[in-house]
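Please look at the sequence and the structure below before reading on, and keep both in view while you work through the points. The briefing is grouped by topic, so that each bullet can be checked against the picture.

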Amino acid sequence: MDQRYSLRFETGERAGETIPVEGKSFTVGRRTGHSLQILDNSVSGQHAELSVDDAGVSLRDLGSTNGTQVNGRRIEPERQTPIDPGAEIRFGEITLRFEVAG
């Protein structure tokens, strides 16, 4: 797990901001207590989770109302989806870019 990853906001009021993905489990949601809190009504209180291990990074939608997309495709809720650096991830109406941190 030597690789370090980040998410860069592409849209919304935080566009251009980069957030490091830290730990083996990185959660995203509108409620407090998540690794990344996104205060946008299109993002569910408990929206998604990124899992980091030696094989790479995978993303899982946690049954969100507006869904999660990777490169324009909606992912199935509760199913681990591998993601690669450069992937565009959309939580509700907010788009982020998944990157290797430099």
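What follows is a briefing on strands, loops and charged side chains.

The model is predicted. Six of its strands form an open sheet whose pairing is antiparallel, and a search of the whole structure finds eight salt bridges. The bullets take up the open sheet, then strand β6 and its partners, then two loop residues, and finally some of the salt bridges.

**The open sheet**

- Strands of a sheet pair through backbone hydrogen bonds, and the pairing can be either parallel or antiparallel.
- Going across the open sheet, the order of the six strands is β2-β1-β11-β10-β7-β8, and they pair in the antiparallel sense.
- The edges are taken by β2, which covers 18-21, and β8, which covers 73-74; each has a single partner strand, so one side of each is left without a neighbour in the sheet.
- Within this order, strand β7 (residues 68-70) is joined to strand β10 (residues 88-91) by three bridges, and the two are antiparallel.
- To find this pairing in the picture, start from Val70, which stands opposite Ile89 in β10.

**Strand β6 and its partners**

- Strand β6 spans residues 56-61, and five of its six residues are buried, so this strand is largely enclosed by the rest of the structure.
- One partner of β6 is strand β5 (residues 48-53), with which it pairs in the antiparallel sense over six bridges.
- The strands β5 and β6 form a hairpin, and two residues lie between them.
- Strand β6 is also joined to β9 by three bridges, and here too the strands run antiparallel.
- Leu59 is a useful residue to follow, since it is the bridge partner of Leu50 in the pairing of β5 with β6, while its bridge partner in β9 is Thr81.

**Two loop residues with positive phi**

- Most residues other than glycine have a negative phi.
- Asn71, which lies in the loop between β7 and β8, has a phi near 50°, a positive value although this residue is not a glycine.
- Glu78, which lies in the loop between β8 and β9 (81-83), is likewise not a glycine and has a positive phi of about 65°.

**Salt bridges**

- Which residue meets the side chain of Glu78 in a salt bridge? The partner is Arg60, and the N to O distance is 2.6 Å.
- This pair links distant parts of the chain, because Arg60 belongs to strand β6 whereas Glu78 sits in the loop between β8 and β9, 18 residues apart.
- Glu78 has a relative accessible area of 48%, and residues between 20% and 50% are called partly exposed, so Glu78 falls in that class.
- Arg14 and Glu17 also meet through their side chains in a salt bridge, at 2.9 Å from N to O; Arg14 is partly exposed at 24% relative accessibility, and Glu17 is partly exposed at 31%.
- A further salt bridge is formed by Arg97 with Glu88, whose closest N and O atoms are 3.7 Å apart; Arg97 has a relative accessible area of 22% and is partly exposed, as is Glu88 at 30%.
- Besides these pairs, Arg8, Glu10 and Glu99 are joined into one network by salt bridges that share partners.

Notes
Residues numbered from 1 in each chain as written. Predicted model: local features only at pLDDT ≥ 70, side-chain atom pairs only at ≥ 80, totals over all residues. Heavy atoms only, no water. Pairing = 2+ DSSP bridges. Helix = DSSP H or I, 4+ residues; strand = E, 2+ residues; numbered from the N terminus. Buried < 20%, exposed > 50% of the residue type's maximum accessible area, 1.4 Å probe, protein only. Salt bridge = Lys/Arg side-chain N within 4 Å of Asp/Glu carboxyl O.
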